[in-house]
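Colleague: I'm new to reading protein models. Could you walk me through one, feature by feature?

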Amino acid sequence: MRYSKMFMPTRREDPADAEIASHKLLIKAGFIRQVARGIYTLLPLGQRSVRRIERIVREEMDKAGAQELLMPAIQPAELWKESNRWNEYGPELMRFQDRKQSDFCLGPTHEEVITDILRNDVTSYKQLPINLYQIQSKFRDEIRPRFGLMRGREFIMKDAYSFDVDIEGANKSYDIMYKAYEAIFDRFGFEYRAVEADSGNIGGSRSHEFQVLAETGEDEIVSCQSCDYAANVEKAEIQIAKSEIKNEVEAGTLEEVYTPKMKTIAEVSTFLERKPEDFVKTLIYLAGEQFIAVLVRGDHNANELKLKNLLKSDGMDTTEFRMANDVEVGKMTKAPVGFAGPVGLKMPIYADLSVAPMANFIVGANKKDTHFLNVNFERDVEISEFADLREAKGGDACGKCGGVLESFRGIEVGHIFYLGTKYSAAMKARVQNKEGESCPLEMGCYGIGITRILAAVVEQNHDEKGIMWPMAIAPFQVMIQPLQMKNEDVVSTAETIYKALKDAGIDALLDDRNQGAGTKFKDFELIGIPLRVTIGARGLAEGKIEYKKRTDEAFEMIPLDGIVEHVICDIKSFKLNT
Ligand code: ATP
Ligand code: MG
């Protein structure tokens, strides 16, 4: 491809609204353009890289025995009503009506459609196992679309669905996908972890997220330094001693303190000059019809999954379980959000084990702009139950082996999930097993965020000058730069090298623009093509060509008659590595 013919508009200025490197660089280097919030065009460079990502995903999925199909993005409400997700999914589901006022949605995921396909055409265990996948645009009206391709409202996903006759088969299908995902993410050159994840409403199921390690990741994960345990903090189990010990501190007098407009622990702790660890946070949830409060230390976060499981085991209805909204908090505490506290609060109060030994702590006073100092259990607060209710963090003891957990930020690029019979039971997708009995299909689903991967790759592979694409995903493998476009020798040498590389099946980009060396180098660095071959009049006079890898500081001078061979050899060795 010739640079002069290719639509690849680069920009020198940082886009105003971009916060993270991948968002900035994908715009500056001419890979994407925003159309609306969370909705992007993939420009030719972006599309080339996305195609490469898709190709690797396809190869590994096919190798794992999955078959590609393509379902429609438009889905009828009827199917979603059968699974009850028409009600459950909430405002993230993009709904619309056709001209006859029939309800439809734009697919955020395809469990209903695929289950419908299977129930009509699969009747016997002999037709199983089946694993079907597609690569397609998905639609989710995210509450906070951000970071460019990272969290879009329209994005490309690979989604696969496995069907088996029994749990044993479903576990096998799951393991095959787990391995395929490792192969895929290895080929992208990611530094990543497969972590145990919350499996939502389906109790006891298996679920793993594939998390690319990056400071800018939206997820927090922990991994054990001693064993192989790794989990999203939403799920991570930790070991905490059930200590009943109270600090041997004498209880101070309960005291109100004026904290004007201080709603967060950070604000109040700075204002009162006390550590966040001296505070107890009060969070209010609604379980079914019942409000409950949970107390965690000021520097901790509550783990909703643990809380929900505890409430369930106490016999509470948790089919609806969520944080109370501002209005509800106001009604229950008689104070605006930010000033809730356990003293005098009329609802069951659960507390995390870490707050049990605390004394003379600080809480909201259920009164505007007011906190309490010197709060103590028994005298001031009655607790229904102390339990492990907080999110894991770095330094905690591993729930599996007691080793030390290390914490990372992660970008979720893949998610695999054992679904069981959630959809097949609701939608009556049944087959006959070996014994001739009719049973619901055992399902698994497996997602990969194709466009999110493009962003995640940039997060892990860039410097202050631009992107550094791994060979496997680069839009072009090598850039050929004639430096003096008026020098016939330079131009014809560049053309010869370009043609030889193209003939060898290599994706080469010839920078045939009438631009100075500075601009050509800057664009090469910004766009992030892995290799450059630079033809300058001075080197050529000595029969030498300048050759540089994007990831190296220094360049080499290579004899003209060996340059094509050299480039091909380097690209092949990259291939062997991926
Ligand atoms: P998240 O927790 O990030 O919202 P999710 O759990 O909703 O992700 P899944 O439903 O498991 O995601 O979707 C499969 C994959 O699709 C995710 O692992 C992620 O890589 C990608 N993905 C999900 N939502 C988005 C989005 N809004 N923009 C881009 N990619 C996304
Ligand atoms: Mg989501």
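Modeller: Sure, let's begin at the ligand. An oxygen atom of ligand 1 sits 3.3 Å from a polar backbone atom of V413. Keep in mind that this is a predicted model.

Colleague: How much of the accessible area of ligand 1 does the protein cover?

Modeller: Picture the ligand on its own, then put the protein back around it. Alone, ligand 1 has 580 Å² of accessible area, and the protein covers 82% of that.

Colleague: Which other atoms of the protein lie close enough to ligand 1 to count as polar contacts?

Modeller: You look for pairs of N or O atoms within 3.5 Å. One case is E142, where a polar side-chain atom is 2.8 Å from a nitrogen atom of ligand 1. Another is M150, with a backbone N or O atom 3.5 Å from a nitrogen atom of the ligand.

Colleague: And which residues come nearest to ligand 1?

Modeller: There are 14 residues around the ligand, and those that come nearest are R140, E142, R151, G152 and E412. You can also sort the shell by class: five residues are nonpolar, four are polar and five are charged.

Colleague: Which strands supply at least two residues of that shell?

Modeller: Strand 8 (154–164) and strand 23 (405–420) each do. Strand 23 gives the largest share, with four residues.

Colleague: Let's try a single residue. Is K138 buried or exposed?

Modeller: The idea is to compare relative accessibility with a cut-off: under 20% means buried. K138 is at 0%, so it counts as buried. You'll find K138 in strand 7 (residues 130–139).

Colleague: What does the side chain of K138 pair up with?

Modeller: Its partner is Q136: a polar contact of 2.7 Å joins the two side chains. Leaving out residues up to four places away in sequence, K138 also touches a list of others, including H110, R153, E154 and D159.

Colleague: How many disulfides does the structure hold?

Modeller: Zero. For a disulfide, two cysteine sulfur atoms have to be within 2.5 Å. Take C105: the closest cysteine sulfur is in C445, 16 Å away, so that's too far for a bond.

Colleague: Are C105 and C569 buried or exposed?

Modeller: C105 has a relative accessible area of 0%, so this cysteine is buried. The exposed cut-off is over 50%, and C569 counts as exposed because its relative accessibility is 51%.

Colleague: What about residues in loops? Where is F339, for instance?

Modeller: F339 is in the loop between helix 9 (326–333) and strand 18 (349–352). Don't assume a loop residue has to be exposed, though. F339 is at 1% relative accessibility, so it counts as buried.

Colleague: Which residues does F339 touch, beyond those up to four places away in sequence?

Modeller: Among them are T259, K261, M262, N366 and D369. D369 is a nice example of sequence versus space: it's 30 residues from F339 along the chain, yet their C-alpha atoms are 7.0 Å apart.

Colleague: What share of the contacts in the whole chain join residues at least 24 apart?

Modeller: Counting contacts between residues at least 6 apart in sequence, it's 69%.

Colleague: Can we finish with the overall picture?

Modeller: The protein chain has 15 helices and 33 strands. Its C-alpha atoms fill a box of roughly 90 × 70 × 55 Å along the principal axes. Of its 578 residues, 54% count as buried. The accessible surface comes to about 26,800 Å², with 49% of it belonging to carbon and sulfur atoms.

Notes. Residues are numbered from 1 along each chain as its sequence is written. Chains are lettered from A and ligands numbered from 1 in the order in which they are written. This is a predicted model: local features need pLDDT of at least 70, side-chain atom pairs count only at pLDDT 80 or more; totals for chains, interfaces and linings use all residues. Side-chain values use heavy atoms; hydrogens and water are left out. A residue is near a molecule or strand if one of its heavy atoms lies within 4 Å of it. A polar contact is a pair of N or O atoms within 3.5 Å; within protein, one must be able to donate a hydrogen and the other to accept it, and residues adjacent in sequence count only if both atoms are side-chain atoms. Accessible areas come from the Shrake-Rupley method with a 1.4 Å probe; for residues, only the protein chains shown count as cover. Ala, Val, Leu, Ile, Met, Phe, Trp, Tyr, Cys and Pro count as nonpolar, Asp, Glu, Lys and Arg as charged, and the others, Gly among them, as polar. Buried means under 20% relative accessible area, exposed over 50%, partly exposed in between (1.4 Å probe, protein chains only). Contact means heavy atoms within 4.5 Å.
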